[in-house]
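Visitor: I am new to this structure and would love a close look at one part of it. Please pick a spot, start there, and show me how the rest connects to it.

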Amino acid sequence: MPSDATPPAHAPRLALIHTGGTIASRPSPDGRGLTPQTPPALPGLEQVEVTEAQPFSLPSPHMTPAHMGQLAALIRELAPTHDGVVVTHGTDTLEETAFALHLMLDVKVPVVLTGSMRHAEEISWDGPANLLDAAHVALHPHSPGRGPLVVIGGDIFDARTVTKIHTTAVDAFGGYPGPIGRIDREGHVPRLHYFAMPEPRATYHPAHLQARVEILYAYAGWTGEGYAEAAARADGLVIAALGTGNLPAELLPLIQGTDKPVVIATRTHAGPVLPVYGYAGGGATLVEAGAIPASFLNAHKARLLLLILLGQGLTREQIQTVFERDEF
Ligand SMILES: NC(=O)C[C@H](N)C(=O)O
């Protein structure tokens with residue numbers, strides 16, 4: 001239990017949901033590399049009642065929106081009888097699951113996602129410490145009301161802004177403007193500090209998560225290769241555009257000719273998409289052509305928001321309003 005927590009009337013109850021990832025991985029017996037095998041054990045929380053569940057065991061590149069929906073349903077089921085929920089997850093798509101849960105969950109108890117960058121047989125195995133930190137954060141009395149959180153390397157991030165920033169470092173997560181809290185240990189005693197309270201946000205209840213939303217990645221010299229095919233088969237597109245949301249001139253007529261929602265995010269790692277440039281393909285011309293700026297969301301989070309809004313049956317205009325008003 002956190003040292004500064006008000007003692008609850010009963011032993012704290014933690015739901016621990018395992019989904020796979022490196023935190024559950026080891027070298028596979030066939031010698032062909034790491035695979036998820038055994039979920040990590042939660043060390044050192046003797047007075048906590050832990051309920052464990054493992055709806056699936058996947059490397060996180062195999063996660064789909066359907067798995068995220070399944071996870072959201074399981075958390076809704078477990079939340080009323082628990083004081084906090086921890087989800088162990090692969091780090092590659094952890095931010096996507098965290099954001100999908102942020103959009104779809106309105107449970108009262110904290111939901112904390114964690115993972116590891118090293119597997120259980122490595123000397124720098126970071127799984128147990130991350131898991132213990134996540135459990136402390138999930139049960140801490142200051143954690144409710146902040147939306148799903150991500151805890152890695154002692155940093156606490158909100159699901160809207162967190163992103164994976166390094167392929168191998170143990171401190172693999174960051175994002176703009178950065179952590180909203182920090183958990184450290186003084187001896188065995190956890191010390192938790194929050195720096196920020198994320199604003200309450202809208203919750204969405206999509207009827208399905210099957211909308212097809214594809215991401216296209218812009219580059220110098222792109223003349224629209226792949227755009228027409230993607231626009232024909234998808235229900236909506238997200239473009240990881242340049243800078244504040246600009247594209248080569250050739251993209252402008254293609255976007256003008258698309259009646260499906262086209263969301264413009266940026267491939268730059270921080271900052272908003274703003275319609276400031278008026279040259280052909282500049283952000284102002286794309287918005288005039290009907291494109292929707294993604295605000296501060298990266299392309300893969302903008303994709304999940306669009307997919308969820310389409311699954312809820314929103315029109316292009318309603319979708320535009322959600323993005324414009326930051327209702328996420
Ligand atoms: N560190 C990790 O968890 C990476 C792994 N490939 C995964 O996302 O499942």
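Guide: Let us start at P177, which lies in the loop between β10 and β11 (181–186). Helices here are DSSP runs of H or I with at least four residues, strands are runs of E with at least two, and both are numbered from the N terminus. The peptide bond leading from Y176 into P177 is cis, with omega near 5°. Most peptide bonds are trans, and most residues other than glycine have a negative phi.

A word on what you are looking at: this is a predicted model, in which local features need pLDDT of at least 70 and side-chain atom pairs count only at pLDDT 80 or more, while totals for chains, interfaces and linings use all residues. Residues are numbered from 1 along each chain as its sequence is written, and side-chain values use heavy atoms, with hydrogens and water left out.

Now look for D155, in strand β8 (residues 155–158). Its relative accessible area is 18%, so D155 is buried; that word stands for under 20%, with exposed over 50% and partly exposed in between, using a 1.4 Å probe and protein chains only. Leaving aside neighbours within four places in sequence, D155 is in contact with V150, P179, G181 and R182, where contact means heavy atoms within 4.5 Å. For a sense of distance, D155 and E229 are 74 residues apart in sequence and 41 Å apart in space, C-alpha to C-alpha.

Strand β10 also leads us to helix α2. The buried residues of α2 pack against β10 (173–174), and also against α1 (65–78), β6 (111–114), β7 (149–152), β9 (163–164) and α7 (299–311). Helix α2 covers residues 94–104, and 11 of its 11 residues are buried, so the helix is largely enclosed by the rest of the structure. Among those buried residues are E95, F99, H102 and L103.

Two of α2's packing partners are worth a stop. In helix α1 you will find H67, which is buried with a relative accessible area of 19%. Beyond residues up to four places away in sequence, H67 touches F56, L58 and H62.

The other partner is α7, which gives 9 residues, the largest share, to the largest nonpolar core. Such a core is a set of buried Ala, Val, Leu, Ile, Met, Phe, Trp, Tyr and Cys residues joined through side-chain atoms within 4.5 Å. This one has 58 residues, and those with the most contacts inside it are I75, L305 and F323. Both domain 1 (13–194) and domain 2 (213–324) give residues to the core, so it lies between them; these bounds come from an automatic or database domain assignment. In soluble globular proteins, nonpolar side chains tend to be buried together. L305 touches F99 and L103, along with Y204, L297, V322, F323 and F328, not counting residues up to four places away in sequence.

Stepping back, the centres of the two domains are 31 Å apart, taken over C-alpha atoms. Their contact takes 14 residues from domain 1 and 11 residues from domain 2. UniProt, in an unreviewed entry, lists residues 13–184 as "domain: L-asparaginase N-terminal"; its positions are given in the numbering used here, feature names are shortened, and annotations may be inferred rather than shown by experiment. That span is 22% helix and 24% strand, with its end C-alpha atoms 22 Å apart. For residues 212–323, the unreviewed entry has "domain: Asparaginase/glutaminase C-terminal". There the chain is 36% helix and 16% strand, and the end C-alpha atoms are 18 Å apart.

Next, the ligand. Among the residues surrounding it are G21, T22, T91, D92 and S116, each having a heavy atom within 4 Å of it. Some of these make polar contacts, meaning pairs of N or O atoms within 3.5 Å. A polar side-chain atom of T91 lies 2.7 Å from a nitrogen atom of the ligand. For D92, a side-chain N or O atom is 2.8 Å from a ligand nitrogen, and for S116 a backbone N or O atom lies 2.8 Å from a ligand nitrogen.

To finish, here are two unusual backbone spots. S295, in the loop between β16 (292–293) and α7, has a positive phi near 60° although it is not a glycine. D326, in the segment after α8 (316–324), has a positive phi of about 55° and is not a glycine either. S295 is buried at 11% relative accessibility, whereas D326 is partly exposed at 27%.

Methods
Polar contact = N/O pair within 3.5 Å; in protein donor to acceptor, adjacent residues only side chain to side chain.
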